[in-house]
Amino acid sequence: MSERPLSAQGIQGVSRRRFLTGTGSVLGAAALASTLTTPARAEVPGLNVCPIPDGSQVRALVIGTGYGGSVTALRLARAGVDVHMIEMGMAWDTTGPDGKIFANTTTPDYRSFWLRTRTKQPLSQFLGFPLDKDVPRHTGILDAEDFAGITVYQGRGIGGGSLVNGGMAVTPLRERFPEILPTVDPAEMYATYYPRANAGLGVTSVDTTWWESTDAYQYARVGRKHAQRSGFPFVFVPNVYDWDYMKQEAAGTVPKSALTGEVIYGNNHGKKSLQKTYLAQAAATGRVTVSALHRVTSVTPAAAGGYTVAIEQIDTTGAVLASKTVRADRVFFAAGSVGTSKLLTRLKATGALPALNEHIGKGWGDNGNVMCGRANHMWDPTGKLQSSMPTAGIDNWNAGGAFAEVAPLPTGIETYASFYLSITRTPRRAEFTWNPATGRVDLSWDRAWKQTSIDMAKSIFDKINAKEGTIYRTDLFGAYKIWGDHLTYHPLGGAVLDRATDNHGRLHGYQGLYVMDGSLIPGNTSVNPFVTITALAERNIERIIAEDF
């Protein structure tokens, strides 16, 4: 089958003993750090990060600094509107004891997990050895939030999910768009807002000539060979990584980042996270201020107009330092699918915003995420050195309902393993509800629903295994467990566009309240979702500025 891009158009080795007795990393590795070390610097020079004073009045308050929030802040600021952003996580502008801002994937420490005393890594075992370890409780960068039947991984800090993802920047094929956002005009999205989002995010494609020869993508070339021999299309996918920087990493002329496995706990150098793109541009306007380690607890209509917003300031242990009340003319909910949905569900149920409609909390999905690994033959090594930034996938969406990212296993030793994150066409949708007995928001996800995603992923990997004479790995997600069916990296829905909101994100029932993040998208995007979240935010905020300001 042919290779095609999926776009808007269309370490060193370590001994086995050291590997097994390492630090309990996400991949079980103790890969050697680069010998080139330079202190990391603040990612958003010029961004005004300071605690919002109690009693403040702001014209526009944005809750969250991820994709939707960053787009909103930039476009409002460029339109002359002063913006204050509230971020629950840290600023990530201070180096740790290793001279770096972010911890390495292979050595999780206090910076890695959000308010946990033990890591909860996506891969819980390797070669039969458990990987998790005790860590100090800290406002780390990756939140593994547990609900009944599913763990949702989310980024915490200024930049949100852009801090912890693999940068795989996929625009869905146009023919699939009506399944994703049926009330949005595809023509305007593909002519205007997807190109705007890709430009704003700094999306580019890997140099395929270099890709074909570098050791760092041997694992992906093995994935291509196996996909094509089984008749599946292999597609290159754009990314937000700086490919010139990665080439310099490979040449040994700059500090390593992707080539030393940095990904889920942040990337110190080459990835163009939101701090380097939308937030940097927002900082340049001089109109955007951010309060880090602050969380919104309530939003209610203010007697004098606008909204009274209750906020807690926390320290790095999660303890509340101060409670504040501010007034905002307009409030933009951009705390991510889970954050926004939980907050709105609670505000509606507890009477703070009782006029929110019956669609609040509904339409939530996991983007069909499921993971697996395959054990290859000895003549198919995937390489000791693996870039942590994926570049390609296997597209069986039309025939089997699955798109599988060919993902890295950057352990620093040869594993002869291929690893995949699949996105599947699952029809399952869950609902957030308020539980007054516990004072928590629950999610009605059923773990058994993942079987649909497994079956769709098997449409690819059963065939590849049969063709190659290989088997599934059973040592990654628990003893003798093939499928990583316990999680999602791509939460979507909960305040669905044109249901909980109008067709541009205005919440029904209240003038001046908006939703601007992945909670607008009903559960599935057919590919990695952050480009679609960004493009939809670009579309919505353009209309809101034109009509509401």
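In the predicted model described here, Thr345 touches Ile360, Gly361, Phe432, Thr433, Trp434 and Val441, when residues up to four places away in sequence are not counted. Thr345 is found in helix α9, which runs over residues 336-349, and the residue is classed as buried because its relative accessible area, 7%, falls under the 20% cut-off.

The setting for this residue is a chain whose secondary structure comes to 12 helices and 22 strands. Along its principal axes, the C-alpha trace of the chain spans about 70 × 50 × 45 Å. For 549 residues, a compact globule would be expected to have a radius of gyration near 24 Å, and the value of 22 Å found for the chain agrees with this expectation. Of the 549 residues, 62% count as buried, while the accessible surface of the chain comes to about 18800 Å², with 52% of that area belonging to carbon and sulfur atoms. As regards charge, the chain carries 54 positive and 48 negative charges, and the mean positions of these two sets are 2 Å apart.

The interior can be described through its nonpolar cores. The largest nonpolar core has 79 residues, and within this core the residues with the most contacts are Val299 and Phe333. Helix α12, which covers residues 530-548, supplies the largest share of this core, namely nine residues. Phe333 itself touches Val299, and the other residues that Phe333 touches, beyond those up to four places away in sequence, are Ile63, Thr340, Leu343, Leu344, Leu347, Leu507, Leu513, Tyr514, Val515, Met516 and Asp517. A second core, separate from the one just described, has 65 residues, and among them are Trp210, Trp211, Met456 and Leu487.

Several further residues illustrate how parts of the chain that are far apart in sequence are brought into contact. Val222 lies in helix α6, which covers residues 218-229, and with a relative accessibility of 7%, under the 20% limit, Val222 counts as buried. Although Val222 and Ser418 are 196 residues apart along the chain, their C-alpha atoms are separated by 8.0 Å. Ser418 is also one of the residues that Val222 touches, together with Asn376, Asp380, Pro381 and Thr382, when residues up to four places away in sequence are not counted.

Val263, by comparison, is placed in the loop between α7 (243-251) and α8 (278-285). Despite this loop position, Val263 is buried, because a relative accessible area of 13% is under 20%. Val263 and Leu163 are 100 residues apart in sequence, yet 8.2 Å apart in space when taken from C-alpha to C-alpha. With neighbours within four places in sequence left aside, the contacts of Val263 are Thr105, Leu163, Val164, Asn165, Gly166, Ser388 and Met389.

Pro51 is likewise placed in a loop, in this case between β2 (48-49) and β3 (57-63), but Pro51 is partly exposed, since a relative accessible area of 47% lies between the limits of 20% and 50%. The separation of Pro51 and Ser291 is 240 residues in sequence and 4.7 Å in space, C-alpha to C-alpha. Ser291 is in contact with Pro51, as are His294, Gln313 and Lys324, again leaving aside neighbours within four places in sequence.

Two loop residues were also examined for their backbone angles. Most residues other than glycine have a negative phi. Tyr480, which is not a glycine, has a positive phi of about 55 degrees. Tyr480 lies in the loop between β20 (471-472) and β21 (487-488), and Tyr480 is exposed, because a relative accessible area of 76% is over the 50% limit. Asp498, which is also a residue other than glycine, has a positive phi near 65 degrees. The place of Asp498 is in the loop between β21 and β22, the latter strand covering residues 513-515. With a relative accessibility of 39%, which is between 20% and 50%, Asp498 counts as partly exposed.

Terms used
Residues are numbered from 1 along each chain as its sequence is written. This is a predicted model: local features need pLDDT of at least 70, side-chain atom pairs count only at pLDDT 80 or more; totals for chains, interfaces and linings use all residues. Side-chain values use heavy atoms; hydrogens and water are left out. A nonpolar core is a set of buried Ala, Val, Leu, Ile, Met, Phe, Trp, Tyr and Cys residues joined through side-chain atoms within 4.5 Å. Buried means under 20% relative accessible area, exposed over 50%, partly exposed in between (1.4 Å probe, protein chains only). Helices (H or I, at least four residues) and strands (E, at least two) are DSSP runs, numbered from the N terminus. Contact means heavy atoms within 4.5 Å. The radius of gyration is taken over C-alpha atoms; the globule rule is 2.2 Å times the number of residues to the power 0.38. Accessible areas come from the Shrake-Rupley method with a 1.4 Å probe; for residues, only the protein chains shown count as cover. Lys and Arg count as positive and Asp and Glu as negative; His and the chain ends are not counted. The place of a charge is taken as NZ of Lys, CZ of Arg, CG of Asp or CD of Glu.
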